[in-house]
Amino acid sequence: GPALLEEFVHPEDWPALAASLDAAMHDGKKLEIEYRINLADGQQRWIYCKAKSIDHSVADPTKLYGIVQDITARKTSELALTESQSRLTEVTRLLPGAIYISLPPDFNTIYISSGIQHMLGYSSADFIQQDFGQLIIEQDRERISKMLNTLIDSELNDFFIEYRMPHKVSGKIIWIGAQAHIQRDTNGKALKLYGYMMDMTEKKQ
């Protein structure tokens, strides 16, 4: 019963599980929840439970049927990934430029670190909504488009290019230096660009 189950469930997870059990047994709601249990040998396991009451119309339903699955391996991987992403965010926040990932053939950005805000005035979320080609000033646009397409079609995987973009807020023209690596499939087709953008305006003056 719930009292016995409470002895094994992690204290932080018990309130949510208890509420879900009560709703399943008395209101007929389906139970679907993840929670931790503490084993007698000190190990902690993650459990996935999906169930519903056999008959919630009776005054005191006590039976649920469903599945219980040990998902410790998956949760451990998810938590490790979350921690790694958190660390990466902290590291990239300290960099003077911005790390980015973009996709050919239009080279629009699917990820960019928070350094882009200091450099060009865009939040990360705002920048990835922009058309990359249109952000480049008109005088550089055709040159950069041809250069990127030539690089994508070549056998080169690493390159450095320079172009200008206006700051979103001030309108000031910022010289950007972009170092990038092209990820290709086994046939040599370009899949993604992983790169680093830096402000080179002072060096250009």
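Where is the place of Phe-107? Let me start there, and say at once that what we have on the screen is a predicted model. Phe-107 sits in the loop between β4 and β5, and I would like to use this residue as the way into the rest of the structure.

The two strands on either side of that loop, β4 and β5, covering residues 98-103 and 108-112, run antiparallel and are joined by four bridges. Within that pairing, Ile-101 stands opposite Tyr-111 in β5. The hairpin has four residues between its strands, and in it Phe-107 takes a positive phi near 65°, a value that we find here in a residue other than glycine. As background, most residues other than glycine have a negative phi, and most peptide bonds are trans. The second half of that remark matters for the loop as well, where a cis peptide bond with an omega of about 10° joins Pro-104 and Pro-105, and Pro-105 lies in the loop between β4 and β5.

Is Phe-107 buried or exposed? With a relative accessibility of 7%, Phe-107 counts as buried, because the cut-off for that word is under 20%.

That brings me to the empty space inside the model. The structure holds one cavity of 30 Å³ or more, and the volume of the largest cavity is about 100 Å³. Thirteen residues line the largest cavity, and those closest to its centre are Tyr-100, Ser-102, Phe-107, Phe-132 and Tyr-163, so our loop residue appears again. Strands β4, β6 and β8 each supply at least two residues of this lining, with β6 giving the largest share, three residues. By character, the lining divides into 11 nonpolar residues, two polar and no charged.

Strands β6 and β8 also lead us to helix α7, since the buried residues of α7 pack against α6, β6, β7 and β8. Those buried residues are Asp-140, Ile-144, Leu-148, Leu-151 and Ile-152. An α-helix has 3.6 residues a turn, so residues three or four places apart point the same way. Helix α7, residues 138-153, reaches 23 Å from its first C-alpha to its last over 16 residues, close to the 22 Å expected.

Finally, a word on helix α2, residues 14-27, which has 14 residues and reaches 19 Å, close to the 20 Å expected. Its buried residues include Trp-14, Leu-17 and Leu-21, and just after the helix Gly-28 takes a positive phi of about 75°.

Notes. Residues numbered from 1 in each chain as written. Predicted model: local features only at pLDDT ≥ 70, side-chain atom pairs only at ≥ 80, totals over all residues. Heavy atoms only, no water. Expected span 1.5 Å × (residues − 1). Buried < 20%, exposed > 50% of the residue type's maximum accessible area, 1.4 Å probe, protein only. Contact = heavy atoms within 4.5 Å. 1 Å grid on protein atoms, 1.4 Å probe; cavity = no way out; pocket = protein on both sides within 12 Å on 5 of 7 lines; lining within 4 Å. Points joined across faces, edges and corners; volume = space filled by probe spheres on them. Nonpolar A, V, L, I, M, F, W, Y, C, P; charged D, E, K, R; others polar. Pairing = 2+ DSSP bridges.
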